[in-house]
Amino acid sequence: MKKKKIARALQDLTNRFNLHVGAGDKEHLPADKDHAGFFTPNLLEKLMMAIGYRKIVDEGTDILKLEPGKYAGINFKNSTLADSDSGWVMVDVNKSNDSYIEFKEVHSFSGRTFFRNIHKSGSTINAGAASGWTEFVRTVPLWQGSVTKTGTNLTLLDDCSKFSYVKIIADNGNANIESKILKRIDTVNFTSTNLMKSSVGDTKFSASISFNKNQATLVSNFAYVNSAAGYTTLDQQFNILSIEGVI
């Protein structure tokens with residue numbers, strides 16, 4: 001009897017093993033937060049996202065319908081890129097639940113970065129937040145120093161043509177530091193006005209800086225003084241302190 005029971009048990013184990021081998025991945029239970037288990041392709045994909053790799057998604061994928069993770073692709077629906085621009089985009093999605101979701105979009109070519117928030121309260125969406133994309137404005141140092149003399153050439157740390165805007169910081173000589181973001185064109189005009197403290201009038205400062213790839217030149221620099229005594233023009237009054245590229 002014992003031999004028969006052992007034989008039957010062995011045959012039963014053999015049958016179960018054959019079924020297991022032929023079943024493929026479905027025979028294994030996936031790992032979860034409470035149990036050890038089989039590491040499925042889906043779990044591997046999520047692990048790769050967690051350590052920084054991105055899933056390449058189909059062209060035309062709707063950003064706002066993506067599940068939490070890291071993605072990349074072109075021609076996303078609801079993207080900040082224009083429909084005519086097929087540039088590569090990287091997208092991060094964070095979610096605490098279906099009512100609280102954050103999206104981050106980065107244009108690979110330019111580095112421009114955008115954020116979008118979805119906050120639902122009942123049937124109301126984003127009652128206290130903007131419903132569209134908000135751009136992160138970042139600056140890259142291109143030059144720093146102290147220049148007043150016209151004709152001075154400045155060597156930039158990067159090609160200025162990469163930036164649509166530049167941020168210029170200057171001192172008008174009256175303890176007034178001006179910081180302005182200006183459209184980068186061949187020659188940028190930087191102006192400032194300072195009211196006189198002791199009399200009626202003002203001083204208008206103006207500087208022009210030309211840009212060409214990794215070079216910038218202080219083309220002009222003067223101040224126009226308007227007072228009760230009349231008008232006076234002073235040369236080289238603006239002190240250029242720094243230039244930054246704006247992303």
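A residue counts as buried under 20% relative accessible area, as exposed over 50%, and as partly exposed in between. Keep that rule at hand for the tour of this predicted model.

**Stop 1: Arg-54**

Select Arg-54. Its relative accessibility is 28%, so Arg-54 counts as partly exposed. Now add Asp-92 to the selection. The two side chains form a salt bridge, with N and O 2.7 Å apart. To see what this pair joins, colour strand β3, residues 89-97, which holds Asp-92, and then the loop between α2 (41-50) and β1 (55-56), which holds Arg-54; the partners are 38 residues apart in sequence, so the bridge ties those parts together.

**Stop 2: Asp-92**

Stay on Asp-92 and show the surface. Is Asp-92 buried or exposed? Its relative accessible area is 14%, and the cut-off for buried is under 20%, so Asp-92 is buried.

**Stop 3: Lys-70**

Which residue is at the other end of a second salt bridge from Asp-92? Select Lys-70: the closest N and O atoms of this pair are 3.7 Å apart. Here too distant parts of the chain are linked, as Asp-92 is in strand β3 and Lys-70 is in strand β2 (residues 69-73), 22 residues away. Lys-70 has a relative accessibility of 24%, which makes it partly exposed.

Show Arg-54, Lys-70 and Asp-92 together. Salt bridges connect these three residues in a network.

**Stop 4: Glu-135 and Arg-112**

Move on to Glu-135 and Arg-112. Their side chains meet in a salt bridge, at 2.9 Å from N to O. Glu-135 belongs to strand β7 (residues 134-136), while Arg-112 sits in the loop between β4 (100-107) and β5 (113-121); the two are 23 residues apart, and the pair links distant parts of the chain. Glu-135 is partly exposed at 30% relative accessibility. Arg-112 is also partly exposed, with a relative accessible area of 35%.

The count of salt bridges in the model comes to six, including those visited above.

**Stop 5: the largest pocket**

Keep Arg-112 selected and add Lys-162, Ser-164, Val-246 and Ile-247. Of the 14 residues lining the largest pocket, these five are the closest to its centre. How much space lies in the largest pocket? The volume is about 390 Å³. Rolling a probe the size of a water molecule over the atoms is a way to show where empty space is left.

To finish, colour the lining by residue class. It has seven nonpolar, three polar and four charged residues. Arg-112 therefore appears at two stops: as a partner of Glu-135 in a salt bridge, and as a lining residue of the largest pocket, with Arg counted as charged.

Definitions and conventions
Residues numbered from 1 in each chain as written. Predicted model: local features only at pLDDT ≥ 70, side-chain atom pairs only at ≥ 80, totals over all residues. Heavy atoms only, no water. 1 Å grid on protein atoms, 1.4 Å probe; cavity = no way out; pocket = protein on both sides within 12 Å on 5 of 7 lines; lining within 4 Å. Points joined across faces, edges and corners; volume = space filled by probe spheres on them. Salt bridge = Lys/Arg side-chain N within 4 Å of Asp/Glu carboxyl O. Helix = DSSP H or I, 4+ residues; strand = E, 2+ residues; numbered from the N terminus. Buried < 20%, exposed > 50% of the residue type's maximum accessible area, 1.4 Å probe, protein only.
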